[in-house]
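This report describes the model displayed below, beginning with its overall make-up and then turning to the ligand site and to several individual residues.

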Amino acid sequence: MKLFIDTANGSEIREMAWLVDGVTTNPSLVAKEKRPFRDIIAEICTLVDGPVSAEVIGLETDEMVAEAKELAPIHENVVIKIPMTEAGMKAVKILTSEGIRTNVTLVFSANQAMLAAKCGAAYVSPFVGRIDDMGGDGMGLIAEIQECYQHYAFPTEILVASIRHPRHLLDAALIGADVATVPYGVLKKAFNHPLTDLGISRFLKDWEGVPR
Ligand code: G3P
């Protein structure tokens, strides 16, 4: 499973660049940085050699396509994030036909994921955390989408998004999702286990007794 980091923060990306395979951003994450959008995306593309998702703001097909054509030339790794709407899917079809990769975002149903794949999206981003936040079953959606996709030769990769904790990361891998995009804090937590810490302490303590 590929690991992307879900942030627009250069410091977080710099710190984890050794590990991650790509980066996803969204308007809220970009807004936190208080810097011009294009500068942020251009910088991220120098930090990680992998797909970097940059989201359009427009809601109409022609607006999205125009924005995408402004963003895509920033770097060959730029992937255009398009919201899961009918207008967005028309934009995905147009952009795909022109060789511009898309990541369909704000996906909350298997039908939406199917339509995104039908339109040629490179990635589909189901938001598992926001579904869970509403008392739903976010990872159940991932399993549904995986089951649908496996019957067809869709090029679309399942990019599990809105990850809240390390269990989401594990569940994404157990289901066989292609990618998980993980916030910095969750990524850091995923390395840790209290028994590992205890084990290291015990080894170090026992080692004190080894004759030099
Ligand atoms: O960036 C897309 C997605 O991962 C954001 O999820 O719910 O943490 O805003 P959320």
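## Terms and overall make-up

Helices, taken as H or I runs of at least four residues, and strands, taken as E runs of at least two, are DSSP runs that are numbered from the N terminus. The model is a predicted one, and in its protein chain there are eleven helices and eight strands.

Along the principal axes, the C-alpha atoms of the protein chain fill a box of roughly 75 × 40 × 30 Å. The protein chain has 212 residues, and 46% of them count as buried.

## The ligand site

The ligand is surrounded by D6, N26, K81, F127, R130, A161, S162 and R164. Sorted by class, this shell consists of four charged, two polar and two nonpolar residues. The space that the ligand takes up is the largest pocket.

Three side chains around the ligand can be described by their polar atoms. In the side chain of D6, an N or O atom is 2.6 Å from an oxygen atom of the ligand, and in the side chain of S162 an N or O atom is 2.7 Å from a ligand oxygen. For R164, a polar side-chain atom lies 3.1 Å from an oxygen atom of the ligand. Taken alone, the ligand exposes 310 Å², of which the protein buries 84%.

## Residues with positive phi

Most residues other than glycine have a negative phi. Against that background, two residues of this chain can be set out in turn, beginning with K34, whose phi is near 55°, a positive value in a residue other than glycine. K34 is found in the loop that runs between α2 (27-33) and α3 (37-47). Is K34 buried or exposed? The relative accessible area of K34 is 74%, and because a value over 50% counts as exposed, K34 belongs to the exposed class.

L106 likewise is not a glycine, although its phi is positive at about 60°. This residue lies within strand β5, which covers residues 102-107. With a relative accessible area of 31%, L106 is partly exposed, because this value falls between the 20% limit for buried residues and the 50% limit for exposed ones.

## Positions along the chain

K2 is found in strand β1, which spans residues 2-6. The relative accessible area of K2 is 30%, so this residue is partly exposed. Although K2 and D178 are 176 residues apart in sequence, their C-alpha atoms are 6.2 Å apart in space.

L115 has its place in helix α6, made up of residues 110-118. At a relative accessible area of 48%, L115 is partly exposed, since the value does not pass the 50% above which a residue counts as exposed. The C-alpha atoms of L115 and M1 are separated by 23 Å, and these two residues are 114 residues apart along the chain.

V186 is placed in helix α10, which consists of residues 184-190. Why does V186 count as buried? Its relative accessibility is 7%, and V186 is therefore in the buried class, for which the value must be under 20%. Measuring from C-alpha to C-alpha, V186 and R167 are 9.6 Å apart in space, with their positions 19 residues apart in sequence taken as their separation.

Notes: Residues are numbered from 1 along each chain as its sequence is written. This is a predicted model: local features need pLDDT of at least 70, side-chain atom pairs count only at pLDDT 80 or more; totals for chains, interfaces and linings use all residues. Side-chain values use heavy atoms; hydrogens and water are left out. A residue is near a molecule or strand if one of its heavy atoms lies within 4 Å of it. A polar contact is a pair of N or O atoms within 3.5 Å; within protein, one must be able to donate a hydrogen and the other to accept it, and residues adjacent in sequence count only if both atoms are side-chain atoms. Accessible areas come from the Shrake-Rupley method with a 1.4 Å probe; for residues, only the protein chains shown count as cover. On a 1 Å grid over the protein atoms alone, a cavity is a set of points where a 1.4 Å probe fits but cannot get out, and a pocket is an open set with protein on both sides within 12 Å along at least five of seven lines; lining residues have an atom within 4 Å of a point. A molecule sits in a cavity or pocket if more than half of its atoms lie within 2 Å of its grid points. Ala, Val, Leu, Ile, Met, Phe, Trp, Tyr, Cys and Pro count as nonpolar, Asp, Glu, Lys and Arg as charged, and the others, Gly among them, as polar. Buried means under 20% relative accessible area, exposed over 50%, partly exposed in between (1.4 Å probe, protein chains only).
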